Amino acid sequence: MGTAAVAGSRQGCVPGFEACWELTLGGSKEPGWSVAELQLEAWLPRARTAPLRTKSPRTRSTTRCRFRECGGTTAQLAAVGWPLSFLCQDYYGRVLQKSQDLKTNACITPTRPVPKAVRDALQRVHEEVVARYYGCGLIIPECLASCRVLDLGSGSGRDCYMLSQLVGEQGHVTGIDMTEAQVEVAKKHIAYHMEKFGYQKPNVEFFQGYMENLGDVGLTDESYDIVISNCVINLAPDKRAVLQEAYRVLKPGGEMYFSDVYANQHLSEAVRKHRVLWGECLTGALFWRDLYSIAKEVGFSPPCLVTASPITVSNKELERIIGDCCFVSATYRLFKVPGSSRAGPGQVIYNGGIVGHERELVFDANFTFKEGEVVDVDAEMAAILRSSRFAEKFLIQAGGTDGAVAQGCCHGKMKEKICDPFLLLQQRAAPAPACGAAGTCGLQGC
């Protein structure tokens, strides 16, 4: 069948697949918005209707669509240029049914060791919620009691239900995800978990929506202490918009703590347009240096690199397309530091007491705070500790040396901060430097 055009609409057939579509444009009461309806009439049974709100890659205008989805359409729609957010909904809502369906380890890469409190909380999450989870590791920041937490890309709700226990009944957890099927799974088990946790009323809620437009589901300015995200920002074409929205909803001193996939270079066109690589979180990977520039533009403090894990691709076809590009799964923390908290470098002492980190708090790849030990910190870290939820856990005073990290085996010498996740992997794979008899470092330095 061929294609035809009529006034105010487009229509035709998806190449190689017995499905016809018609896109009809209309007016909208919202400035800058158009309304579109996409009907995929297919011969396959059990077609279902689902909403989609996204930006058209061709016109750069925002459209609202309703489509009837049926098996086998994703590759064909990619070929004719339909928005990648639609493809992600299809990939995570229909193609993936369990974690074992993933084709790379990008979304199952482990991060840091899991504290006992988190392991215990995981044991109480419903088995269906766990089975439909596709995140990369665990994204669990410290010091969560009574906090309000927002999970971007909450999927089936596994992390939200775990966090529900860690923030306690006085805290609150909100999950937002673009995939209807995932949100349905999460909502279905709210009552089950609240009864299991012994809560009088729910402290979790779930919304279907987009992390680039949190206002669409009613999330207001400065309403959360922490925003977390687990391997989903790479799925957003406009990553600056995601960070801008996270910054907007965070309270002063609030934190964005997130794991995602990063590349060691800007991606080629072939990689960026590959359907499976997109669904597997690689196509949308950000060049790691760009995270620092975007964070600065939005207003966040410089990103703190927490940890990094290598990503392997065992599929020969995907390896050929990727070429010499390398990927890592890395966790960063960003803080919304008020201007009033910014001063010079300082010296801090960790008072201990954070659950699961009573004696030692590994804050990131550069700073580890042991209970009662004096640590020199730069101006950025001093401002973060002074303004955030960690303030009452530290004794902070002026002093120290700015621009470097006063940690390592050599007292009196400084080491530069590690910002590059690929460099962090290299350093952790290399033998640790040893101190000589005079207290000097080995050949690798500090």
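Select serine 146 in this predicted model. Setting aside residues up to four places away in sequence, serine 146 touches Val167, Gln170 and Gly171. The residue belongs to the loop between α4 (127-131) and β7 (148-152). Is serine 146 buried or exposed? Its relative accessibility is 46%, and because the class between buried and exposed runs from 20% to 50%, serine 146 counts as partly exposed. Next, add glutamine 170 to the selection. Although serine 146 and glutamine 170 are 24 residues apart along the chain, their C-alpha atoms are separated by 5.1 Å.

**Helix α5**

Move now to helix α5, residues 158-167. How many of the ten residues of α5 are buried? Nine are, so the helix is largely enclosed by the rest of the structure. The buried residues are Arg158, Asp159, Cys160, Tyr161, Met162, Leu163, Ser164, Gln165 and Val167. After α5 comes glycine 168; its phi is positive, near 85°.

**The crossing of α3 and α5**

Keep α5 in view and select helix α3, residues 116-123. The axes of α3 and α5 come within 9 Å and cross at roughly 120°. The two helices are therefore oblique to each other. On the α3 side, the contact is made by Ala117, Val118, Ala121 and Leu122; on the α5 side, Arg158, Met162, Gln165 and Leu166 take part. As for handedness, α3 passes α5 in a right-handed crossing. When viewing these helices, recall that an α-helix has 3.6 residues a turn, so residues three or four places apart point the same way.

**The nonpolar cores**

In soluble globular proteins, nonpolar side chains tend to be buried together. To view the largest nonpolar core of this model, begin with Leu150, Leu152, Leu243, Met256, Tyr262, Phe300 and Tyr332, which touch the most other members among its 40 residues. Which helix gives the most to this core? Helix α11 (residues 288-298) does, with six residues. Apart from this core lies another, of 29 residues, including Ala121, Val149, Val185 and Tyr199.

Return to the largest core and centre the view on phenylalanine 300. Leaving aside neighbours within four places in sequence, phenylalanine 300 is in contact with Leu243, Ala246, Tyr247, Leu250, Met256, Ala295, Leu334, Phe335 and Lys336.

**A sheet of three strands**

Finally, display strands β15, β18 and β19. They form an open sheet in the order β18-β15-β19, with antiparallel pairing. Strands of a sheet pair through backbone hydrogen bonds, either parallel or antiparallel. The edge strands are β18 (374-377) and β19 (394-398), each of which pairs on one side only. From one strand to the next, the twist averages 25°.

Select β15, residues 346-350, and look along its side chains. Which residues of β15 point to one face and are buried? Gly346, Val348 and Tyr350 do so, whereas Gln347 and Ile349 point to the other face and are not buried.

The pairing of β15 can then be followed on each side. With β18, β15 pairs in the antiparallel sense over four bridges, and glycine 346 stands opposite valine 377 of β18. With β19, the antiparallel pairing extends over five bridges. Two pairs may be selected here: glutamine 347 stands opposite glutamine 397 of β19, and tyrosine 350 has phenylalanine 394 of β19 as its bridge partner.

Definitions and conventions
Residues numbered from 1 in each chain as written. Predicted model: local features only at pLDDT ≥ 70, side-chain atom pairs only at ≥ 80, totals over all residues. Heavy atoms only, no water. Core = buried A, V, L, I, M, F, W, Y, C linked by side-chain atoms within 4.5 Å. Buried < 20%, exposed > 50% of the residue type's maximum accessible area, 1.4 Å probe, protein only. Contact = heavy atoms within 4.5 Å. Pairing = 2+ DSSP bridges. Axes fitted to C-alpha atoms, helices over the stretch in contact; angles between N-to-C directions. Parallel < 35°, antiparallel > 145°, perpendicular 65-115°, else oblique. Left-handed = near helix turned anticlockwise from the far one by under 90°.
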